[in-house]
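Student: I'm new to this structure and would love a guided look around its ligand. Could we go through it together?

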Amino acid sequence: MVGCPVVDCVDYGITDRRGRPVTLHPVTDDNWRAVADVAPRDDQRAFVAALGARYLLLSLREDVWHSLAVCAGGRVVGHVMWAFDPEGGAHWLGGMIVDADHQGHGIGRAAVRTLVRWLATHEECREIRLSYHPANTSAARLYETCGFLPTGQQEDEELIAALPVAR
Ligand SMILES: CC(C)(COP(=O)(O)OP(=O)(O)OC[C@H]1O[C@@H](n2cnc3c(N)ncnc32)[C@H](O)[C@@H]1OP(=O)(O)O)[C@@H](O)C(=O)NCCC(=O)NCCS
């Protein structure tokens with residue numbers, strides 16, 4: 001974890017459309033079950049893992065990705081993870097899931113904006129990258145409205161988008 005400060009709670013006062021604070025938290029003994037249970041809608045399973053548990057295991061088994069709990073009003077409603085690629089020099093955002101019951105209330109956008117702002121505090125952060133399936137129009141629109149632009153590159157079947165971080 002290059003230059004990663006210990007995170008207790010990432011909170012920039014960004015709220016969802018109901019005015020609930022959207023915050024990011026480390027996965028702990030207290031919240032891991034709720035994070036593991038985060039699930040997209042059935043029709044979204046073509047784009048992401050069926051459960052947050054899959055991403056939690058990825059974070060635990062390899063020292064690449066770092067899972068965070070997404071909370072709205074203090075309650076776990078999603079999962080997101082980040083990584084730093086020392087070779088490419090970019091930070092990455094991945095595993096973004098807002099639980100099916102909580103979608104459409106501005107939580108996804110608040111979580112992405114919060115994570116972007118926090119990653120940008122890392123000294124070595126120059127660019128944030130992510131990828132999404134070309135048919136995942138919700139994700140494409142979400143990331144576009146957060147400032148990510150398609151790079152024209154692809155990884156596996158997914159399109160890569162990037163956000164430069166001003167210094
Ligand atoms: C993509 C996802 C994270 C968005 O989370 P969310 O909390 O529902 O999103 P928000 O309410 O913050 O909406 C943010 C923007 O996303 C886009 N969006 C969200 N749901 C959408 C939908 N059903 N159709 C089209 N656009 C959609 C819109 O641009 C929306 O902004 P707007 O409402 O101002 O138009 C959520 O739908 C999800 O978990 N999907 C399944 C997992 C996934 O695909 N993750 C991304 C992998 S790359």
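Student: Which element gives the largest share of the shell around the ligand?
Tutor: This is a predicted model, in which local features need pLDDT of at least 70 and side-chain atom pairs 80 or more, while totals for chains, interfaces and linings use all residues. Residues are numbered from 1 along each chain, and side-chain values use heavy atoms, without hydrogens or water. Elements are DSSP runs, at least four residues for helices and at least two for strands. The largest share of the shell, 5 residues, comes from H4.

Student: How many residues surround the ligand?
Tutor: A residue joins the shell if one of its heavy atoms lies within 4 Å. Among the closest are Met-96, Gly-106 and Arg-109, joined by Asn-136 and Arg-141. The number of residues surrounding the ligand is 21.

Student: Which residue has a polar backbone atom 2.7 Å from a nitrogen atom of the ligand?
Tutor: Let's look at the polar contacts (pairs of N or O atoms within 3.5 Å). Gly-108 places a backbone N or O atom 2.8 Å from an oxygen atom of the ligand. Ser-138 uses a polar side-chain atom, 3.4 Å from a ligand nitrogen. The backbone partner at 2.7 Å from a ligand nitrogen is Met-96.

Student: What percentage of the ligand's exposed area does the protein bury?
Tutor: On its own, the ligand exposes 900 Å² (Shrake-Rupley, 1.4 Å probe). Of that area, the protein buries 78%.

Student: Which helices give two or more residues to the shell around the ligand?
Tutor: Strands S4 (90–98) and S5 (127–132) each give two or more residues to this shell. The helices that do so are H3 (107–119) and H4 (137–145).

Student: How many residues of the shell around the ligand are charged?
Tutor: Asp, Glu, Lys and Arg count as charged. The shell also holds 9 nonpolar residues (Ala, Val, Leu, Ile, Met, Phe, Trp, Tyr, Cys, Pro) and 9 polar ones (the others, Gly among them). The number of charged residues is 3.

How values were computed: A polar contact is a pair of N or O atoms within 3.5 Å; within protein, one must be able to donate a hydrogen and the other to accept it, and residues adjacent in sequence count only if both atoms are side-chain atoms.
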